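Me: Could you take a close look at one side chain and its surroundings, and then work outwards from there? A careful, connected account would suit me best.

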Amino acid sequence: MAWRSSGSSNAGLIANLAENGLIKSDRVRKAMLNVDRAHYAPELPYQDSPQSIGMSATISAPHMHASASESLLQFLHPNSKVLDVGCGSGYLTHVLANLVEPDGKVIGVDHIQGLVDLATRNMGRNAEGKELLASGRVQFIKADGRKGWPAGGPYDAIHVGAAAVEAHGSLVEQLKSPGR
């Protein structure tokens with residue numbers, strides 16, 4: 001039950017998500033535990049609900065990030081390449097980077113430059129995030145997410161967190177087989 005998963009700290013939030021069956025794997029639990037949501041959500045970071053991050057965008061509820069991570073998990077390995085479309089605050093991009101460590105790469109794209117800048121600033125709020133950016137293991141790019149980012153592909157996994165009316169062929173073309 002998502003509405004009962006909120007916590008008073010990042011550890012409490014993640015523990016509650018796991019206790020309520022929303023985080024099923026130890027890998028996802030550890031990946032989310034190692035990214036303090038307070039660096040990405042401006043208010044009430046440990047509440048399991050979406051929140052405005054400005055520019056008419058939101059950071060999804062933590063249970064949605066857990067669900068996305070769990071659904072992609074079988075394609076996330078130590079050298080995987082991942083595309084995060086609609087990266088927004090950068091939170092899930094950071095979680096995905098933890099799931100493909102030590103040699104994987106995650107590219108977050110957003111069509112709003114202010115969100116690309118926000119994601120970069122947010123990730124730079126701690127030493128691990130700074131290292132991910134400096135090493136090139138995480139990159140944020142302003143781009144039309146419907147077109148993906150062909151220069152970084154092919155991808156083992158593509159997460160689309162932005163609203164989409166249809167599955168865009170250009171994204172499918174950038175996906176490895178098998179991939180998700």
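Reply: The backbone oxygen of Ser170 lies 3.0 Å from a polar atom of the side chain of Gln174, inside the limit for a polar contact (N or O atoms within 3.5 Å, one able to donate a hydrogen and the other to accept it). This is a predicted model, in which local features need pLDDT of at least 70 and side-chain atom pairs count only at pLDDT 80 or more, while totals for chains, interfaces and linings use all residues. Residues are numbered from 1 along each chain as its sequence is written, and side-chain values use heavy atoms, leaving out hydrogens and water.

Gln174 is placed in the segment after helix 7, where helices (H or I, at least four residues) and strands (E, at least two) are DSSP runs numbered from the N terminus. Gln174 counts as buried because its relative accessibility is 7%, the classes being buried under 20%, exposed over 50% and partly exposed in between, with a 1.4 Å probe and protein chains only. Apart from neighbours within four places in sequence, Gln174 has contacts (heavy atoms within 4.5 Å) with Leu83, Lys147, Gly148, Trp149, Pro150, Pro154, Tyr155 and Ile158.

One of these contact partners, Pro154, is joined to Gly153 by a cis peptide bond with omega of about 0 degrees. Pro154 belongs to the loop between strand 5 and strand 6.

That loop, between strand 5 (138–142) and strand 6 (157–160), also holds Asp156, which is paired with Lys176 in the segment after helix 7 (169–173), so that the pair links distant parts of the chain, 20 residues apart. Lys176 and Asp156 form a salt bridge in which the closest N and O atoms are 3.4 Å apart; the term stands for a side-chain nitrogen of Lys or Arg within 4 Å of a carboxyl oxygen of Asp or Glu. Asp156 is buried, at 13% relative accessibility, whereas Lys176, with a relative accessible area of 32%, is partly exposed.

What joins Asp26, Arg29 and Lys30 into one network? Salt bridges that share partners do so, and the structure holds four salt bridges in total. Within this group, the side chains of Asp26 and Arg29 meet at 2.6 Å, N to O. Both residues lie in helix 2 (residues 26–33), three residues apart, which is about one turn of the helix. Asp26 counts as partly exposed because its relative accessibility is 41%, and Arg29 is also partly exposed, at 29%. Side chains of opposite charge can pair when their charged atoms come close.

Arg146 and Asp144 form a salt bridge too, their closest N and O atoms being 2.8 Å apart, and Asp144 is partly exposed at 25% relative accessibility.

Turning back to the backbone, a cis peptide bond also joins Glu101 and Pro102, with omega of about 10 degrees, and Pro102 sits in the loop between helix 4 and strand 4 (105–110). Elsewhere, Met55 has a positive phi of about 55 degrees although it is not a glycine, and Met55 is found in the loop between strand 1 (51–54) and strand 2 (57–59). Ser56, in the loop between strand 1 and strand 2, has a phi near 60 degrees, again a positive value in a residue other than glycine. Met55 is partly exposed, with a relative accessible area of 39%, whereas Ser56 counts as exposed because its relative accessibility is 85%.
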